[in-house]
Amino acid sequence: MSRAPVRPKVAFQGEPGAFSHEAVMQLAGPRARIHPCPRFEDVFVALRDRLVDAAVIPIENTLHGSVHENYDHLLHFDHHITGETNVRIVHNLIAAPGVRFSQLRRVFSHPVALNQCLNFLAANPQLERTPFYDTAGSVRDLQRSGDRHTAALASRLAAEVYGMHVLREGLEDDKQNFTRFLLLGREPATASGESKTSIVFALQNQPGALFRALACFALRDIDLTKIESRPLPGLPWKYRFYLDFLGRAHDERSQRALAHLSEMTTELRVLGSYPRGG
């Protein structure tokens, strides 16, 4: 059996210091080497082409819901989910060292980050809001520009990566803001302890089809933690279903549920069994 790299190389979308970078550190360790990518698809391609050992993608956020593009990529690439984690999204006001809050005239960041800090921005109307493509990228560009009248909204990790200073912390309106991230590999994980399994399936469009599909798990007291529907390309108003349940795919109860489900599906694929994240 091949041994996992001591310092795995992990792909993620965004710039160093992004929240996805935090997820990499939680899932692959603080010494993991990073491979930043501009697009989510590039993350999947990097793993497919063996440019990296693993990949980390966001799959859902407690405020904004699912990352639908990544659900589609999970189907189109032959990767396996091998882990998960939740990252608390904490937005900080970041500026160059020595800059005082009273000097600031502008704040920029990703539009989502700006929208998640509306109370702070409303209380400080002197700060012009400027959208940017990436939270960590805004800190990187601020560091390069040397602008002492502008701040960025991003993670504390971004401030550390680019040698910048946190002026205000925890500016998000909702403190229960978490993003769930998945760890992907080219081979399945060997899940032990409390585990979760993710699957995708499609059904014939007939009355009660989804009810009967979910009953495969209810009849066996298997706890479902997530269900997501995605349109079937070329088939208007027809859908695939992504489903997460507690347990491992090779457990006896799970195997019986999946065998029962396979009798009524037009497609069924196990995306991975992996340790349940905190």
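**Stop 1: Arg48 and Asp49**

Select arginine 48 and aspartate 49. In this predicted model, their side chains meet in a salt bridge, with N to O at 2.9 Å. How accessible is each partner? Arginine 48 is partly exposed, at 47% relative accessible area. Aspartate 49 is partly exposed too, at 39%. Search the whole structure and the salt bridges come to 21.

**Stop 2: Asp72 and Arg230**

Next, select aspartate 72 and arginine 230. Here is another salt bridge, 2.8 Å from N to O. Which parts of the chain does this pair link? Aspartate 72 sits in helix H3, residues 68-76. Arginine 230 sits in strand S13, residues 224-231. The two are 158 residues apart, so the bridge links distant parts of the chain. Now colour by accessibility. Aspartate 72 is partly exposed at 22%. Arginine 230 is buried at 17%. The cut-off for buried is under 20% relative accessible area, so the two partners fall on opposite sides of that line.

**Stop 3: Lys226, Glu228 and their network**

Stay on strand S13, which covers residues 224-231. Select lysine 226 and glutamate 228. Their closest N and O atoms are 3.2 Å apart, in a salt bridge. Are these two residues buried or exposed? Glutamate 228 counts as buried, at 12% relative accessibility. Lysine 226 is buried as well, with 15%. Now extend the selection to Glu60, Glu84, Arg180, Lys196 and Asp244. Through salt bridges that share partners, these residues join Lys226 and Glu228 in one network.

**Stop 4: Helix H2 against helix H3**

Go back to H3 and add helix H2, residues 40-48. Arginine 48 from the opening stop falls within that residue range. Two packed helices are described by the angle between their axes and the distance between the axes. For H2 and H3, the axes come within 10 Å and cross at roughly 25°. The angle is under 35 degrees, so H2 and H3 count as roughly parallel to each other. H2 passes H3 in a right-handed crossing.

Show side chains at the contact. H2 brings Phe40, Glu41 and Phe44. H3 brings Glu69, Asn70, His73 and Leu74. How do these residues divide by type? The contact holds 3 nonpolar, 2 polar and 2 charged residues.

**Stop 5: Leu75**

Step along H3 to leucine 75, which is found in that helix. Leucine 75 is buried, with a relative accessible area of 16%. Which residues does leucine 75 touch, beyond those up to four places away in sequence? Select Val200, Arg240, Tyr242, Glu267 and Arg269 to see them.

Then draw a distance from the C-alpha atom of leucine 75 to that of leucine 104. The reading is 46 Å. Along the chain, these two leucines are 29 residues apart.

**Stop 6: Helix H8 against helix H9**

Now select helix H8, residues 209-218, and helix H9, residues 252-262. Their axes lie 8 Å apart and the packing angle is about 165°. What does that angle say about direction? The angle is over 145 degrees, so H8 and H9 are roughly antiparallel to each other. Their crossing is right-handed.

Look at the contact. From H8, select Ala213, Cys216 and Phe217. They meet Ala257, Leu258, His260 and Leu261 in H9. These contact residues divide into 6 nonpolar, 1 polar and no charged. Set this beside the contact of H2 with H3, which includes 2 charged residues.

**Stop 7: Helix H1 and what follows**

Move to helix H1, residues 19-28. Which of its residues are buried? Select Phe19, Ser20, His21, Glu22, Ala23 and Val24: each is buried. Then step past the end of the helix. H1 is followed by glycine 29, and the phi of glycine 29 is positive, near 100°.

**Last stop: the whole protein**

Zoom out and show the cartoon. The protein has 9 helices and 15 strands. Along the principal axes, its C-alpha atoms fill a box of roughly 65 × 45 × 35 Å. How much of the protein is buried? Of its 278 residues, 50% are buried.

Finish with a contact map. Take contacts between residues at least 6 apart in sequence: 73% of them join residues at least 24 apart.

Methods:
Residues are numbered from 1 along each chain as its sequence is written. This is a predicted model: local features need pLDDT of at least 70, side-chain atom pairs count only at pLDDT 80 or more; totals for chains, interfaces and linings use all residues. Side-chain values use heavy atoms; hydrogens and water are left out. A salt bridge is a side-chain nitrogen of Lys or Arg within 4 Å of a carboxyl oxygen of Asp or Glu. Buried means under 20% relative accessible area, exposed over 50%, partly exposed in between (1.4 Å probe, protein chains only). Helices (H or I, at least four residues) and strands (E, at least two) are DSSP runs, numbered from the N terminus. Axes are lines fitted to C-alpha atoms, for helices over the stretch in contact, and angles run from 0 to 180 degrees between N-to-C directions. Angles under 35 degrees count as roughly parallel, over 145 as roughly antiparallel, 65 to 115 as roughly perpendicular and the rest as oblique. A crossing is left-handed if the near helix is turned anticlockwise from the far one by less than a right angle, and right-handed if clockwise. Contact means heavy atoms within 4.5 Å. Ala, Val, Leu, Ile, Met, Phe, Trp, Tyr, Cys and Pro count as nonpolar, Asp, Glu, Lys and Arg as charged, and the others, Gly among them, as polar.
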